[in-house]
Amino acid sequence: MHLALRAITAHRLRSFLTLLGIAVGIAAVILLTSIGEGIHRFVLSEFTQFGTNLVSIAPGKVKTSGPAPTGIPTSVRPLTLDDARALQRLPHITGMSAMVWGNTEVKGNGRLRRTTINGVTPEMVSVYHVKVSSGQFLPPEDAENARAFVVLGAKLKAELFGAENALGARVTVGNLQFRVIGVLEAKGQFLGIDLDDAAYIPTARAL
């Protein structure tokens with residue numbers, strides 16, 4: 001111990017730099033471990049807020065580039081509502097929501113807002129565990145004959161109507177008119193998508 005102390009005090013700068021390097025190394029390991037654990041927990045929370053048993057099915061690409069080869073048939077095609085109904089009949093499926101989305105202008109209460117429009121089926125509330133804060137969600141109706149109803153996300157409702165009651169109001173989505181029947185409870189974001197800043201209409205009306 002005596003020899004060690006003499007060596008340390010004899011070369012104070014070198015000893016200080018050595019201790020500093022060890023401290024920085026340990027701090028870096030702890031920091032990187034903490035960041036990794038934080039990212040892990042964030043990703044898990046993003047998915048588990050909608051349940052841990054969700055499967056999303058999207059149509060594949062029709063072609064990579066260039067025109068399709070003449071005379072060669074392709075098995076790839078867009079998904080339809082009939083495909084969604086077929087999925088719903090499969091065993092162990094507890095819920096299914098057919099969904100299409102796009103971006104367009106929504107006009108209501110004298111205000112205009114460009115936002116995401118989601119064409120969904122009534123089962124969305126149970127599949128994605130979302131709640132309605134006022135009014136109701138899209139009623140169970142035949143998809144092809146669904147009425148022109150719309151449910152607004154909490155943020156979109158606040159920007160168009162403020163503190164006013166939006167239920168029963170008419171809004172224009174793109175070039176079509178819809179009647180507001182509900183407002184979703186604030187849900188936040190899912191993988192960077194703001195679910196509150198969106199409108200929800202029947203799937204067939206969005207096709």
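This passage describes the confidence, one helix and the internal space of a predicted model.

Local features need pLDDT of at least 70, side-chain atom pairs count only at pLDDT 80 or more, and totals for chains, interfaces and linings use all residues. Residues are numbered from 1 along each chain as its sequence is written, and side-chain values use heavy atoms, without hydrogens or water.

The protein chain has a mean pLDDT (the predictor's confidence in each residue, from 0 to 100) of 82. A value of 70 or more is reached by 84% of its residues. Over residues 69-73, pLDDT stays under 50. That stretch has 0 contacts (heavy atoms within 4.5 Å) beyond four places in sequence.

Helix H5 spans residues 154-161. Helices (H or I, at least four residues) and strands (E, at least two) are DSSP runs, numbered from the N terminus. Leu156, Lys157, Leu160 and Phe161 of H5 are buried (under 20% relative accessible area, 1.4 Å probe, protein chains only). Seen down the axis, these residues fall within an arc of 100° (taken from the directions from the helix axis to the C-beta atoms), so they line one face of H5. An α-helix has 3.6 residues a turn, so residues three or four places apart point the same way. The buried residues of H5 pack against six strands, S1 (100-108), S2 (111-120), S4 (149-152), S5 (170-173), S6 (176-184) and S9 (198-202). Gly162, just after H5, takes a positive phi of about 60°.

The lining of the largest cavity is formed by Val130, Leu184, Glu185, Lys187, Leu195, Asp196 and Tyr200. A cavity is a set of points on a 1 Å grid over the protein atoms alone where a 1.4 Å probe fits but cannot get out; lining residues have an atom within 4 Å of a point.

How values were computed:
On a 1 Å grid over the protein atoms alone, a cavity is a set of points where a 1.4 Å probe fits but cannot get out, and a pocket is an open set with protein on both sides within 12 Å along at least five of seven lines; lining residues have an atom within 4 Å of a point. Buried means under 20% relative accessible area, exposed over 50%, partly exposed in between (1.4 Å probe, protein chains only).
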